[in-house]
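Q: Please take a close look at one part of this model, the place where two helices cross, and then relate it to the strands and loops described alongside it.

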Amino acid sequence: YSCNILWPGPEKIRKKLRRQGVKGPKPTFLHGNTREMKSICHELKPVKKQDSNNYISTLFPHLLVWREAYGPVFQYSTGGREILHVSQPDMVKDIGHWTPSELGKPSYLKKSRKALLGGGLFTVNGDEWAYQRKVMAPEFFMDKIKDMIQLIEDATAPLLEAWESILEGAGGSTEIVVDDYVRNFSGDVISRACFGSSFAKGEEIFCKLRQLQKATAQRDAFVGLSAVWKHLPTKSNRAIRNLVEEVRLLILELAKANRNENGAEHAATHNNGLLRAIIDGSHGPLNGGTAEEFIVGNCKSIYFAGHESTAVTAIWCLMLLATHPEWQDRVRAEALEVCHGTMTLGVDGLHRLKILTMVIQETLRLYPPASLMMREALTDIKIGNLDVPRGTIVQVTRLMLHLDKEAWGADANEFRPDRFANGVAAACKPAHMYAPFGLGPRICIAQNLAMAEMKVLLARLLCRFAFSPSPSYRHSPAFRLTIEPEFGMPLVVTRL
Ligand code: HEM
């Protein structure tokens, strides 16, 4: 079995693809093309330009080199895994048409990210995915988001107060490294909006998950994806196991707080609809898992997915506004008009923030937090005219779609929010070349919440502060599950 997964199995896939004209670098036994990948990354030691929005060559140079050599559809191997890289628009569209039973999340993802995401919606496939999605999706419909706006407004208060107080002591203007403030805000929103008034508990879970993310990222960087190493009782593995256990207990405590003394569940707090839906859902068909695993896995997925992507997008957005003062002025003028005299923006207020919406859409185009889309063919499928055998990992680099000059025009690398003035369909052709929230059935479950959160935060910030670039900022987008500023985001913040 081991031999089969290392060579004959992958070779069968490679052969099938090769016969249909899909080329790629020649793999070696055990390593596939990983050595070549490393040497390309090393040789092409990227030149990090201060003003460059096109950083594909920094993050994924091997993909650019192979695309150049073998065309928009090519194959490569990472040892036991055969990857089909696709960037042709019609094929990308086809990928979105397959169901999660046919083209699902890769099984290795479920194993490698288990500590962080549990067996939640993010990693499951087939009926398990359909059931979990049915349980959670209604909690993110627009009528539910409407009720969350006040909570989002409340979550901005600590950040605004902290910055006011820093600026008070600094004569009205100083450098602030914004990352942690924005991350705390987005974590706070998830705690309040999805898990009710148990804010203190939510905050604790969120901090532990952050530690877990760092610990697993560090370990993976050190040992790669070697399964054996992860099971050895090393110091870092023990720390990860302890954190996993602590998070599990905290989430179960949170769930327990939602039950009354008779054992029947009730809404002990307001705005805990998602947590209640997950607890109720744990009584349904669980595909061999336990109710506890269902609750813990899905809460973990939401905590993680919920804070990181939204926070990094807001951070990049502040950087782009600081470096494009003309857009900052336009967004501020609109925000001052819409926010004037309002304590809560409401759905109508959010809808009126049209220039801000364009700026966020452009930020998501240039800095899509989830920049790689990975799928596994769970059965033999067809993508375009290509027969893709079961077991193939299909990869789409979102960043390549978003910077494709044929789809977006010659200025694809530039920050030009007005390209979205008439909607996404007019901004690029074909429209599915813009997919910051994903494509097809697995599209982000919470895009309404994410957009509401970013609009409220940015509108409130721009009404009070002006932002300009800090001389200590080093532009270096880094890939750590999401794309984030490698050295943080210092900005010069001035009270208006
Ligand atoms: C700017 C913010 C966000 C961006 C850009 C974003 C992007 C995405 C993308 C691209 C996917 C699809 C992943 C794939 O195809 O493999 C996804 C899925 C998902 N997102 Fe988001 N997301 C954001 C915010 C959020 C928030 C706030 C939450 C939760 C509160 C959330 C929860 C999820 C979940 C649970 C899934 C899995 C859906 C499924 O597989 O059916 N996301 N997101």
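A: What follows describes a helix crossing, then a sheet, then two loop positions.

The model is predicted. Helix 11 covers residues 179-195 and helix 16 covers residues 291-323; their axes come within 8 Å and cross at roughly 140°. That angle makes helix 11 oblique to helix 16, because over 145 degrees would be needed to count as roughly antiparallel. The crossing of the two helices is right-handed.

On the side of helix 11, the contact is made by Asp-179, Val-182, Arg-183, Ser-186, Gly-187, Ile-190 and Cys-194. Helix 16 contributes Ile-302, Tyr-303, Gly-306, His-307, Thr-310, Ala-311, Ala-314 and Ile-315. Sorted by class, the contact has 8 nonpolar, 5 polar and 2 charged residues. Asp-179 and Arg-183, both from helix 11, are of the charged class. Gly-187 of helix 11 and Gly-306 of helix 16 take part in the contact, and glycine is counted as polar here.

Strand 4 spans residues 173-177. It belongs to an open sheet of 3 strands, in the order 4-12-9, with antiparallel pairing. Strand 4 and strand 9 (465-469) stand at the edges; each has a single partner strand, so one side of each is left without a neighbour in the sheet. On average, neighbouring strands of this sheet are turned by 35° against each other, direction ignored. Strand 4 is joined to strand 12, residues 490-495, by 5 bridges, and the two run antiparallel. Within this pairing, Ile-176 stands opposite Leu-491 of strand 12.

Two loop positions complete the description. Asn-54 lies in the loop between helix 3 (34-43) and helix 4 (56-59). Asn-54 has 14 C-beta neighbours inside 10 Å and therefore counts as partly exposed, because a residue is exposed at 12 or fewer and buried at 20 or more. Setting aside neighbours within four places in sequence, Asn-54 is in contact with Leu-403 and Asn-413. Asn-54 and Thr-482 are 428 residues apart along the chain, and their C-alpha atoms are separated by 16 Å.

The other position is Pro-430, in the loop between helix 22 (424-427) and helix 23 (447-464). Pro-430 is joined to Lys-429 by a cis peptide bond, with omega about -10°.

Notes: Residues numbered from 1 in each chain as written. Predicted model: local features only at pLDDT ≥ 70, side-chain atom pairs only at ≥ 80, totals over all residues. Pairing = 2+ DSSP bridges. Helix = DSSP H or I, 4+ residues; strand = E, 2+ residues; numbered from the N terminus. Axes fitted to C-alpha atoms, helices over the stretch in contact; angles between N-to-C directions. Contact = placed C-beta atoms within 7 Å. Parallel < 35°, antiparallel > 145°, perpendicular 65-115°, else oblique. Left-handed = near helix turned anticlockwise from the far one by under 90°.
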